[in-house]
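Trainee: Could you take me on a close look at a single part of this model? I would like to see how one strand fits in with what surrounds it.

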Amino acid sequence: MPASSSQPIAFDARPLTDPVAPGAVRAFVSAMRARRSSSMTGTKVLMIIIFSVIGIVFLAILLPMTSLLLAGLSNGGPPFILLPVVIIAFLAIGLGLLIWSTNRSARIARYRLSQFAAANNMTYEDRINDPQLPGMIFNIGRSRHSDRLVRGHSPRFVEFGNYQYTTGSGKHSTTHSWGYVAVKLDVPLPNIVLDALGNNGFGTNLPASFQKEQRLSLEGDFDRYFTLYCPEGYEADALYLFTPDIMARFVDNAAQLDVEIVDDWLFLYTKRAASTLDPATWAWLFGAVGALITKFDQWARWRDERLAAAHSDAPAQSTAPAQAPIAGTHALPFAAPAGMLTPPPGVAHSGRRLKRSGRWIPIVAVVCFGIVWFWMQFAR
């Protein structure tokens with residue numbers, strides 16, 4: 001369940017639950033179709049062809065069967081010989097009604113979310129294929145797409161969305177679903193991951209694992225809620241970014257969310273839908289973003305002095321933002337050019353991505369299966 005907050009974020013949730021006018025929904029669907037008509041993917045075209053072929057084959061079988069059974073009935077056959085046709089017809093009608101009802105519910109949900117976005121000074125995007133985001137979930141598998149995107153643009157860009165991708169093939173394919181919040185930061189930061197312990201099962205629920213040498217223990221109770229990973233050599237930078245007040249905000253507002261900082265983005269991940277018709281979920285996510293966003297100005301002052309060291313061939317240094325010389329001192333024998341006293345925004349190569357490790361549980365499972373199989377072969 002979403003965490004409650006003593007000071008709930010004020011937002012207008014009425015469009016999520018208020019009655020909707022059918023005409024407004026139809027107009028919204030038509031507008032969405034018009035926007036997508038020019039970007040019809042090959043997969044959609046293939047699905048249309050497949051369903052058309054199935055419909056044609058179904059009619060080609062059902063109509064001759066009906067004719068034969070009616071002929072038998074007219075020749076004195078028992079009435080129950082029409083039972084297969086009646087059953088098939090009812091199944092076809094039931095399937096059609098189920099598909100229609102499901103599509104109708106999806107259309108209404110998308111319309112409600114578009115109105116919710118408009119009522120809260122945000123924008124709505126129905127779907128994006130292969131979103132170009134640097135988070136760990138966005139570069140895995142195939143058939144990648146985000147949908148039901150609700151975006152805020154002030155005071156900084158924030159995107160709430162649902163995401164899916166597929167791994168494997170054939171009967172071994174698996175579709176993975178995530179909810180996420182993407183927040184644009186002011187400057188690129190080291191790749192840091194906070195694996196929330198409260199949403200893990202047998203091991204992490206994240207789609208990637210990281211080398212244990214990159215784990216960093218923080219003070220207080222933070223380690224009871226998150227496992228923090230940062231690139232080796234960036235431990236002091238992580239301590240600068242995650243001050244006690246920022247750690248407290250993550251614990252209080254995002255303890256059930258996995259967190260990734262990569263490039264100039266912060267991502268919050270959840271295995272449930274983030275863009276939903278549930279007002280409580282929106283209150284939870286708005287509260288988490290609102291609690292964190294006020295601290296991002298501090299992160300904007302961070303600079304990676306390794307970039308300056310790389311240009312001057314000096315030994316790599318670490319951590320908090322470089323400070324300008326104190327007035328009245330002579331730190332340099334010449335007047336420094338304006339804007340050159342601190343490293344430029346950015347991250348050195350060693351801090352841009354965490355080093356990943358292979359998942360040991362599947363490997364152990366395969367080895368155990370092999371041992372059992374050989375034992376059964378030779379035990380006969």
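Mentor: Happily; let us follow strand β4 and then visit a few of its surroundings. Before we start, this is a predicted model, in which local features need pLDDT of at least 70, side-chain atom pairs count only at pLDDT 80 or more, and totals for chains, interfaces and linings use all residues. Residues are numbered from 1 along each chain as its sequence is written, and side-chain values use heavy atoms, with hydrogens and water left out.

A word on names: helices (H or I, at least four residues) and strands (E, at least two) are DSSP runs, numbered from the N terminus. Two strands pair if DSSP finds at least two bridges between them.

Strand β4 covers residues 174-196, and 10 bridges join it to β3 (residues 158-167), the two running antiparallel. Find Q164 and you will see that its bridge partner in β4 is S177. The hairpin of β3 and β4 has 6 residues between the strands, and there G168 takes a positive phi near 75°.

β4 has other partners too. With β8 (residues 258-270) it pairs in the antiparallel sense over 10 bridges, and I192 stands opposite I261 of β8. With β7 (residues 226-229) the pairing is again antiparallel, over 4 bridges, and here L194 stands opposite L228.

Now look at D195, which is found in β4. Its relative accessible area is 5%, so D195 is buried; buried means under 20% relative accessible area, exposed over 50%, and partly exposed in between (1.4 Å probe, protein chains only). The side chains of D195 and N200 are joined by a polar contact of 3.4 Å. A polar contact is a pair of N or O atoms within 3.5 Å; within protein, one must be able to donate a hydrogen and the other to accept it, and residues adjacent in sequence count only if both atoms are side-chain atoms. Contact in general means heavy atoms within 4.5 Å. Leaving aside residues up to four places away in sequence, D195 touches several others, including T204, N205, Y225 and D258. D195 and N205 are 10 residues apart in sequence and 8.5 Å apart in space, C-alpha to C-alpha.

Over in β3 you will find N162. N162 counts as buried because its relative accessibility is 12%. A polar atom of the side chain of N162 lies 2.8 Å from the backbone nitrogen of A274. Not counting residues up to four places away in sequence, N162 also touches W178, G179 and Y180, among others.

Finally, β4 helps to line a cavity. On a 1 Å grid over the protein atoms alone, a cavity is a set of points where a 1.4 Å probe fits but cannot get out, and lining residues have an atom within 4 Å of a point. Grid points are joined across faces, edges and corners, and a volume is the space filled by probe spheres set on the points. The structure holds 1 cavity of 30 Å³ or more, and the largest cavity has about 30 Å³ of space. Its lining residues are R156, L185, D186, V187, L189, F296, W299 and A300. The elements giving two or more residues to this lining are β4 and α8 (296-299), with the largest share, 4 residues, coming from β4.

Methods: On a 1 Å grid over the protein atoms alone, a cavity is a set of points where a 1.4 Å probe fits but cannot get out, and a pocket is an open set with protein on both sides within 12 Å along at least five of seven lines; lining residues have an atom within 4 Å of a point.
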